[in-house]
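Hi,

Here is the structure I promised to pass on. Have a look at it first, and my notes come straight after.

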Protein chains: 2
Amino acid sequence: MSPLREKILSTASHLFQTQGINSTGVDTIVAAAGTTKMTLYKYFRSKENLILEVLEQGHQDFQAWLSEKLNSNTNKPSEKLQKLFDFIEEWVTSPNFRGMGFIKASAEFPSEASPVHQLSSEQSRQFKQYISSLAHEANIQDADGLALQLSLLFEGAVQAEQMIRGSGAMAYAKKAAKILINGAATH
Amino acid sequence: MSPLREKILSTASHLFQTQGINSTGVDTIVAAAGTTKMTLYKYFRSKENLILEVLEQGHQDFQAWLSEKLNSNTNKPSEKLQKLFDFIEEWVTSPNFRGMGFIKASAEFPSEASPVHQLSSEQSRQFKQYISSLAHEANIQDADGLALQLSLLFEGAVQAEQMIRGSGAMAYAKKAAKILINGAATH
DNA sequence: ATCAAGCTATACAGATTAGTATAATCAAAA
DNA sequence: TTTTGATTATACTAATCTGTATAGCTTGAT
């Protein structure tokens, strides 16, 4: 892929996260990326299109990183579920963590008719589905229920971390997750 | 207070929640409220000022409703904590629930220099502090830790409910809350 | 009936937005 | 050296935004 295209994507991702999506103009993006509007509109049909691609890439990066971590560091299915929040914490507290795109995007595009909102909720659904599959492999009875609860903790912790940087929310979310997982496993 | 002023406040609150704050123009607000810009700017110094007042009123309404419910329906401190999420669910699933302002506002105003962001995180802190005081009265050892975990569940559930309306997330958040409360009480 | 206060109507300024049109520049390939 | 393709520079359109200025209307009190 064109390096300029990637530069625009990463610059936009950074600005969207730090300044907000709607508050970040196209002019700001191209200035920060060191290019011009003509080039941006050559690679992206519209600003909405750029937003969608930023979201898509962010989500894929996270999912790929997470499943790779789980597959290479754990063996048994029950172990995967137990270590899930350890890796999530590692991701969230890493220096180049820029927040979860789909959480903020759904807040900035509340209308369900918006393609951005639709992609956001689809990504949230996919993430929950991934946790559910882990819970299912670990023979948890109410796998979907546990997955929903864990995703609530996750989204709440990310939200809290975005609200007050360095709040340590994820550490407590991890503890809560362990309690919920153990509780669900005994049934 | 002037009925027109209140009409503007409630209209703005509704539009901010359904369309987003930054995406809702002042012209849209006055048209929906059946008045004009001149009147709006008579009662509110600026749009930012209006946003702050909408947030303030929404938070006060919620806090007043919740503590009234808890004080009139429960006696023992431990009972308050147990019934907390029952009442929260009642609030969130009520027909005129318009979402929690401070959660979306912090997403739309990510810069910590923004007064809107500052008020949002202050309200989030106050809510967590309220839960903490309940936990403390119930003689929970790590009252602050439990309060943080419960507020994560709360914010995650509201977020999920905003993302996919009628997802039933709050019911599962309630179950998770009971488990965490019981777990913390035995220590 | 006159007056005053509150509200409406409308037009405007100034800034910012997304997106486009046109021309100049630059580098590498033929 | 000439051509080709990619990028830049700049100017522009048309819409939208917050906030203000000016003038007219309406209603209730004196």
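Below is what I found, starting with the chains and then moving to the DNA and the protein interior.

A word on conventions: this is a predicted model, so local features need pLDDT of at least 70, side-chain atom pairs count only at pLDDT 80 or more, and totals for chains, interfaces and linings use all residues. Residues are numbered from 1 along each chain as its sequence is written, chains are lettered from A and ligands numbered from 1 in the order in which they are written, and side-chain values use heavy atoms, with hydrogens and water left out.

**How the two protein chains relate**

Chain B superposes on chain A after a rotation of 180° with 0.0 Å of shift along the axis, at an RMSD of 0.1 Å. (The copies are superposed by least squares on the C-alpha atoms of residues with pLDDT of at least 70 in both.) This is the relation of a two-fold axis. Within chain B, the residue that comes closest to the rotation axis is Gly156(B), with its C-alpha at 2.0 Å.

**DNA strand C**

Strand C has 15 residues around it, and the closest are Val26(A), Lys37(A), Tyr41(A), Lys47(A) and Thr35(B). Here, a residue is near a strand if one of its heavy atoms lies within 4 Å of it. Of the strand C atoms within 4 Å of the protein, 64% belong to sugar or phosphate and the rest to bases.

Several polar contacts (pairs of N or O atoms within 3.5 Å; within protein, one must be able to donate a hydrogen and the other to accept it, and residues adjacent in sequence count only if both atoms are side-chain atoms) involve phosphate oxygens of this strand:

- The side chain of Thr35(B) places an N or O atom 2.6 Å from a phosphate oxygen of DNA strand C.
- For the side chain of Thr39(B), the corresponding distance to a phosphate oxygen of DNA strand C is 2.9 Å.
- Lys47(A) uses a polar backbone atom, 2.8 Å from a phosphate oxygen of DNA strand C.

The elements that give two or more residues to this surface are α3 (37-43) of chain A and α3 (37-43) of chain B. Helices here are DSSP runs (H or I, at least four residues), as are strands (E, at least two), numbered from the N terminus. The largest share, 4 residues, comes from α3(B). By class, the surface near DNA strand C has 6 nonpolar, 6 polar and 3 charged residues. (Ala, Val, Leu, Ile, Met, Phe, Trp, Tyr, Cys and Pro count as nonpolar, Asp, Glu, Lys and Arg as charged, and the others, Gly among them, as polar.)

**DNA strand D**

There are 17 residues around strand D, and those that come nearest are Thr35(A), Val26(B), Lys37(B), Tyr41(B) and Lys47(B). Sugar and phosphate make up 57% of the strand D atoms that come within 4 Å of the protein. On the phosphate side, a side-chain N or O atom of Thr35(A) is 2.5 Å from a phosphate oxygen of DNA strand D, and one of Thr39(A) is 2.9 Å from a phosphate oxygen of that strand. A base is contacted too: a polar side-chain atom of Lys37(B) lies 2.4 Å from a base oxygen of DNA strand D. For this strand, α3(A) gives the most to the surface, with 4 residues.

**Aromatic residues**

Rings of Phe, Tyr and Trp (its six-membered ring) pair if their centres lie within 6.5 Å; planes under 30 degrees apart count as stacked, over 60 as edge-to-face and the rest as tilted. By this rule there are 10 aromatic pairs over all chains. One of them joins Phe62(A) and Phe127(A), a tilted pair at 5.7 Å centre to centre with 50° between the planes. Phe62(A) lies in helix α4 (residues 47-73) of chain A and Phe127(A) in helix α7 (residues 115-137) of chain A, so the pair ties together parts that are 65 residues apart in sequence. Phe62(A) is buried, at 0% relative accessible area, and Phe127(A) is buried at 1%. (Buried means under 20% relative accessible area, exposed over 50%, partly exposed in between, with a 1.4 Å probe and protein chains only.) Ring pairs also link Phe62(A), Trp65(A), Trp91(A), Phe127(A) and Phe154(A) into a cluster.

Best wishes
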